[in-house]
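Trainee: Hi! Could you walk me through this one while I have it open?
Mentor: Happy to, just put it on the screen.

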Amino acid sequence: MSYGDTREPRDVRAFFGPRAACWDARFPDDGPAYAAGVAALDLRPGERVLDAGCGTGRALPALRAAVGARGLVLGADLTPEMLDAAVRAGRDGSAFLLLADASRLPVGDAALDAVFAAGLLSHVPDPAGTLGEWARSVRPGGRLALFHPVGRAALAARKGRALTPDDLRAEPNLRPLLAGAGWELVRYEDEDDRYLAVAVRRG
């Protein structure tokens, strides 16, 4: 099973669980990229933000710094081993960690100001439904950042694959997918050193 095949929850856990302990060591230089991705959300002190599919929590310190002590930071992940790694790294001090499916969030309607999702959307069984769930959870005018520390072409090359026209992260595919779920795409970057799509919750 490859990274790109992990869509069902059991497959996600089977893939990421054994890799959790050494995940950060595989990508030791991603910290600044995550901080820059978080900055694109333009969070304000006191806001409420979710890191959907937080993994080992690399974005959590930057999210906490952005919302300050009065803000709320949640980190949700399906894989217990990933959350354990986040705790070992001390990142639980930045957020409340939830063992939860990011496609079925344990939060109320419009409970959040923003969602940050790194490398997650193409690995969920129902991307449209997941985007809709995030829209349900975010207030009108709230923000969503879809992020990866490398762009689509660089990631495909790393995996020995070619980009395909049906890649849902491509702007022509992503824009209508977001719109159908209640989001408006307002920023799109796909460079070798970053993938970033920022959307605003309509309504």
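Trainee: Which helix does Val87 lie in?
Mentor: Val87 is part of helix α5, which covers residues 80–88. Keep in mind that this is a predicted model.

Trainee: Is Val87 buried or exposed?
Mentor: In between: Val87 is partly exposed, at a relative accessible area of 40%.

Trainee: And what is Val87 in contact with, leaving aside neighbours within four places in sequence?
Mentor: Asp92 and Leu97.

Trainee: How far apart are Val87 and Arg202 in space?
Mentor: C-alpha to C-alpha, Val87 and Arg202 are 35 Å apart, with their positions 115 residues apart in sequence.

Trainee: Let's move along a bit. Where does Arg91 lie?
Mentor: Arg91 is in the loop between α5 and β3. Its relative accessibility is 17%, so Arg91 counts as buried, the limit being under 20%.

Trainee: What does the side chain of Arg91 have for polar company?
Mentor: A polar atom of that side chain lies 2.8 Å from the backbone oxygen of Thr56. Not counting residues up to four places away in sequence, Arg91 touches Thr56 along with Asp24, Gly57, Arg58, Leu60, Pro61 and Ala86.

Trainee: Switching to charges: how many salt bridges does the structure hold?
Mentor: There are 16 salt bridges. One of them joins the side chains of Asp109 and Arg136, at 2.7 Å from N to O. That pair links distant parts of the chain, 27 residues apart: Asp109 sits in the loop between β3 (96–99) and β4 (112–118), and Arg136 in helix α6 (residues 127–137).

Trainee: Are those two buried or exposed?
Mentor: Asp109 counts as exposed, at 59% relative accessibility, whereas Arg136 is partly exposed, at 25%.

Trainee: What about Arg194, which partner does it bridge to?
Mentor: Arg194 pairs with Glu189, and their closest N and O atoms are 2.8 Å apart. Arg194 is buried, with a relative accessible area of 16%.

Trainee: Which residues do shared salt-bridge partners join into one network?
Mentor: Asp42, Arg44, Glu47, Arg48, Asp113, Arg139 and Arg143. Within that set, the side chains of Arg44 and Asp42 meet at 3.6 Å, N to O. Arg44 is partly exposed at 43%, and Asp42 is also partly exposed, at 46%.

Trainee: Now the greasy part. How many residues has the largest nonpolar core?
Mentor: It has 29 residues, and Trp134, Leu144, Leu146 and Trp183 have the most contacts inside it. Elements that each supply at least two of its residues include β1 (48–52), β2 (72–77), α6, β5 (138–148) and β6 (183–191). Apart from that core lies another, of 20 residues, among them Ala62, Phe116, Ala118 and Leu196.

Trainee: What is Trp134 in contact with, leaving aside neighbours within four places in sequence?
Mentor: Its partners include Leu144, Leu146 and Trp183, and also Ala52, Leu105, Val115 and Leu121.

Trainee: Last topic: how many disulfides does a search of the whole structure find?
Mentor: Zero.

Trainee: Why is there no bond for Cys22?
Mentor: Because the closest cysteine sulfur, in Cys54, is 17 Å from the sulfur of Cys22, too far for a bond. A disulfide needs the two sulfur atoms within 2.5 Å.

Trainee: Are Cys22 and Cys54 buried or exposed?
Mentor: Cys22 is partly exposed, with a relative accessible area of 39%, while Cys54 counts as buried at 7%.

Methods. Residues numbered from 1 in each chain as written. Predicted model: local features only at pLDDT ≥ 70, side-chain atom pairs only at ≥ 80, totals over all residues. Heavy atoms only, no water. Helix = DSSP H or I, 4+ residues; strand = E, 2+ residues; numbered from the N terminus. Buried < 20%, exposed > 50% of the residue type's maximum accessible area, 1.4 Å probe, protein only. Contact = heavy atoms within 4.5 Å. Salt bridge = Lys/Arg side-chain N within 4 Å of Asp/Glu carboxyl O. Core = buried A, V, L, I, M, F, W, Y, C linked by side-chain atoms within 4.5 Å. Polar contact = N/O pair within 3.5 Å; in protein donor to acceptor, adjacent residues only side chain to side chain.
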